[in-house]
Amino acid sequence: MFDLIINNGKVVTAKDSFKADVGIKNGKILAIGERLKGNSRTEIIDAKGKLVMPGAIDVHVHLQLPFCGTVSADDFENGTKAAACGGVTTVIDYAIQTKGSTITEAIKARKKEAETKVCVDYSLHGGITDWNDRTQKEVGEIIKKEGIPSFKMFMIYKTQGWMADDGALYQALETTAPLGGMIMVHAESVFVLDMLVARYHEIKNKVSAYGHVLSRPNFTEYEAVQRAVLWAEVTGGKLYVVHISTGEACDILKRSQEKGARVYGETCPQYLLLDDSVFKGKDGHLYATCPQIKKKKDSLRLWKALYDGELAIVSTDTCTFDKKQKAMWKGDFTKIPFGMPGVETMLPLTFHFGKKKGFSINKIVEICCTNPAKLHGLYPEKGTLAIGSDADIVVYDPNIKVKIDYHKLQTNCDWSPYQGWQIQGWPTVTLSRGKIVAMNAKFVGEKGWGRFVKRKPFGEIR
């Protein structure tokens, strides 16, 4: 009756941990119990001494993204292969509207780029850059017909034509609230930020890559977070702040959540594990992201916010640029392509350092698997191990010791922010809808196996 059985492992969900076998049929979990039996055609995975976890979900990736005159180095094929090798079984990318066009057109184009390449399941967020009457009417149709209930708006990128002003953000929150939609924001204070960038650009030869830090003090993030949170409170809309990097932004979210507002946030491994001293090194420009890596005190506050539930999710903001692409800066910090590789190392890094911070295995599953699925409308099909759920499963060895080396990773990137780091724990088998797609950090699946997954509105975790 089973196509595949994972036996002898310790099943881990966001709430429970217990010894059990997992039986899979037609890409779904059919049974969880003791001593499950198959027949001569049943494939067996022995998970003795290992954890059996839901596949991780990275809700924030940018694969083959055109930026700064180049395209990010991990495309939909290799980026999703890397995801599988790191225990990520679903990714959510972006379909960003072009001025004068519709979000639906952007979704159609992005799907065409992805559909024959993706190696694990994927979805898309709508990207709103042209808020008008047509876009406002379109949002409801996208939620209902496309299965995309989340829409990203940028509070920066004015010169690129992507920026949403406060009126547009207010209206978008107001419009999506009764529809079960969610507005995601990149929160930075554009006018002060642009002024400071211009100021330090004048002395760029003196500040080098560290100019990226000097031009983006913490208040350029948390002032924008405060505004976005206020609009969510007064409209009743659901707000999701992407890639939070400052401790002050966590304080703002906490206060708003205590009032009952529907405001959520994510952070990323680079903000949890690195600090802005990296920009002072010889290859400091490689670490440029937007927003940038902050201080050690911010990292400590971000960990606490995850532990306490003020931040709901760990994602990556994966946007891979190799050394040649990063070299485009030529000493000018304003011309560095923003982004780093991350999807392949997200789960192992969160597991290793989360445990060191006192996180239970269940909590790690919560922030990497279950909360992403719940909040982004994928639960319970994904993000948990339950009867009827998709068999997106990671067999995880908590004891194996690994030295991170980009040469051994699937990513196309020729460097790693975590090069040489010694960590404990790594996926040994990754299943996508019951199919083995990675073993021992090597991709063994097939191009095009992944499918677009429609998501449901009204996703909540509280």
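# Cis prolines, a parallel sheet and buried residues

Mentor: P291 lies in the loop between α10 (269–273) and α11 (296–308). Helices (H or I, at least four residues) and strands (E, at least two) are DSSP runs, numbered from the N terminus. The model is predicted: local features need pLDDT of at least 70, side-chain atom pairs count only at pLDDT 80 or more, and totals for chains, interfaces and linings use all residues. Residues are numbered from 1 along each chain as its sequence is written, and side-chain values use heavy atoms, with hydrogens and water left out.

Trainee: What is omega for the peptide bond that joins C290 and P291, cis or trans?

Mentor: Omega is about 5 degrees, and the bond is cis. The bond from Y379 to P380 is also cis, with omega near 5 degrees. P380 sits in the loop between α14 (361–375) and β16 (393–403).

Trainee: I293 is in the loop between α10 and α11 as well. Why does I293 count as buried?

Mentor: Buried means under 20% relative accessible area, exposed over 50%, and partly exposed in between (1.4 Å probe, protein chains only). I293 has 0% relative accessibility, so it is buried.

Trainee: Which residues is I293 in contact with, leaving aside neighbours within four places in sequence?

Mentor: Contact means heavy atoms within 4.5 Å. On that basis I293 touches Q270, Y271, L274, D275, D276, V278, F279, Y287 and M340. I142, by comparison, is 151 residues from I293 in sequence and 34 Å away in space, C-alpha to C-alpha.

Trainee: What makes two strands a pair, and in what order do the strands of the open sheet stand?

Mentor: Two strands pair if DSSP finds at least two bridges between them. The open sheet has 8 strands in parallel pairing, in the order β6-β9-β10-β11-β12-β13-β14-β15. β6 (56–58) and β15 (313–314) each have a single partner strand, so they stand at the edges, and one side of each has no neighbour in the sheet.

Trainee: How many bridges does strand β14 make with β15?

Mentor: Strand β14 (residues 263–267) is joined to β15 by 2 bridges in the parallel sense, which satisfies the cut-off, so the two count as a pair. E266 stands opposite I313 in β15. Helix α8 (residues 219–235) packs on the sheet, with contacts to β12 (182–186), β13 (239–241) and β14, and its direction makes about 165 degrees with that of β13. Axes are lines fitted to C-alpha atoms, for helices over the stretch in contact, and angles run from 0 to 180 degrees between N-to-C directions.

Trainee: Why is strand β10 described as largely enclosed?

Mentor: In β10 (residues 121–127), 7 of the 7 residues are buried, so the rest of the structure largely encloses the strand. D121, S123, H125 and G127 point one way, Y122, L124 and G126 the other, and all are buried. In a regular strand the side chains alternate between the two faces of the sheet.

Trainee: What joins β10 to strand β9 and to strand β11?

Mentor: Strand β9 (residues 88–96) runs parallel to β10 and shares 7 bridges with it; D93 has L124 as its bridge partner. With β11 (residues 150–154), also parallel, β10 shares 2 bridges, and G127 is partnered by K152.

Trainee: What makes the unit of β9, helix α2 and β10 right-handed?

Mentor: A crossover is right-handed if, with the strands pointing away from the viewer, the path from the first strand over the helix to the second runs clockwise. The β-α-β unit of β9, α2 (residues 103–114) and β10 is of this hand, and the one formed by β10, α3 (residues 133–146) and β11 is right-handed too.

Trainee: Why does H186 count as buried, and which residues does H186 touch?

Mentor: H186, in strand β12, has 2% relative accessibility and therefore counts as buried. Beyond four places in sequence, its contacts include K152, Y157, C290 and P291.

Trainee: Where is D317, and what is its phi?

Mentor: D317 is in the loop between β15 and α12 (323–326), and its phi is positive, about 55 degrees, although it is not a glycine. D317 has a relative accessible area of 10%, so it is buried.
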